[in-house]
Amino acid sequence: MVKTEIKRALGSWAFAATTAFGLFMMLEGRLDQTGGRIFSDSGPYLSKFLDSLRFTPLTILWPVTVMFPFVLSYRRERDSGFQGLMVLKASRGEYRRAKIAAVACSGSLSLFLPMAGWLLFCKFILGSGKVENPIRFLPELAGRFPFLYGMMYAVNAGVLGAAFAVWGLGLSAVVRNRYLALLIPVCYCVFTGVAAPRAWEAFKLIDPAAYSNPALGGWGIPLYELALFTIGCLLFIGGDCHAGKA
């Protein structure tokens, strides 16, 4: 059942739309940086990749992007009767495991694939392999292994994508009002961007440099990711248990 749910999630419109938006974010970042030109110079590809991520105003939307497809997914399946059919075919526990795995996989790949794909595009199409511009976070790694350094961003985005997607699934199971469920991710991003300390701004966690923030400590971000994922799982299981008793 887990494999079936993962295949269904990866073939859904939500996964396609989120992945496409991720690619659009990277392209928009490149266009913002160069004044509307993709092929503008022959500089180092890693710098172009990083600038594409850092210069786009759309990066502020990435937590919302991976949560939106899932904040209504559970309620939609329950109201349509699809959830009941899945439970009859297997069990409620297996359904929960399959749903969490599918959402985590979909959320992770929807951010990882656009970043990894754009890194490959930058490497083979846009520029050279030399790193000339100064890089503050792990400059030795960037200088010796620029592609590995870029992939670090893609992997980090994938981990965060899984955590935020599962959190969105949890909201779907406990928030009855669909408009409120959609509003909560937006409010979360606005709150962290305005009221929360700088180290906890949601849209900046996609940068691996956040792991070295002294305000968080070495384990701050991994614990934060684990907390988001755990809260999402607990909300989903709790909401599903309540629905099963109703």
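A residue is called buried when its relative accessible area is under 20%, exposed when over 50%, and partly exposed in between (1.4 Å probe, protein chains only). Helices are DSSP runs of H or I with at least four residues, numbered from the N terminus. The model discussed here is predicted, so that local features need pLDDT of at least 70 and side-chain atom pairs count only at pLDDT 80 or more, whereas totals for chains, interfaces and linings use all residues. Residues are numbered from 1 along each chain as its sequence is written, and side-chain values use heavy atoms, with hydrogens and water left out.

Helix α3 is a suitable starting point. Nine of its ten residues are buried, namely Y45, L46, S47, K48, F49, L50, D51, S52 and L53. The cover over these buried residues includes α2, α7, α8 (139-144) and α9, where contact means heavy atoms within 4.5 Å.

Two residues of this helix, L46 and F49, reappear in the largest nonpolar core. Such a core is a set of buried Ala, Val, Leu, Ile, Met, Phe, Trp, Tyr and Cys residues joined through side-chain atoms within 4.5 Å. This one has 44 residues, and L46, F49, W62, M115, Y149 and F164 touch the most other members. Two or more residues each come from α2 (13-34), α3 (45-54), α4 (62-67), α7 (92-126), α9 (146-174), α10 (178-194) and α11 (220-245). The largest share, nine residues, is that of α9. Beyond its neighbours within four places in sequence, F164 is in contact with W62, P63, V66, M67, Y188, A202 and L228. Another core, of 14 residues, lies apart from the largest one and has A162, V166, L169 and C233 among its members.

Empty space is considered next. On a 1 Å grid over the protein atoms alone, a cavity is a set of points where a 1.4 Å probe fits but cannot get out, a pocket is an open set with protein on both sides within 12 Å along at least five of seven lines, and lining residues have an atom within 4 Å of a point. Points are joined across faces, edges and corners, and a volume is the space filled by probe spheres set on them. The structure holds one cavity of 30 Å³ or more, and the largest cavity has a volume of about 40 Å³. Its lining consists of G22, M25, M26, L111, P114, M115 and I206, with α2 and α7 each giving two or more residues.

The second largest pocket has a volume of about 330 Å³. Of its 16 lining residues, R8, S12, S73, E77 and K99 are closest to its centre. Helix α5 gives the most to this lining, with four residues.
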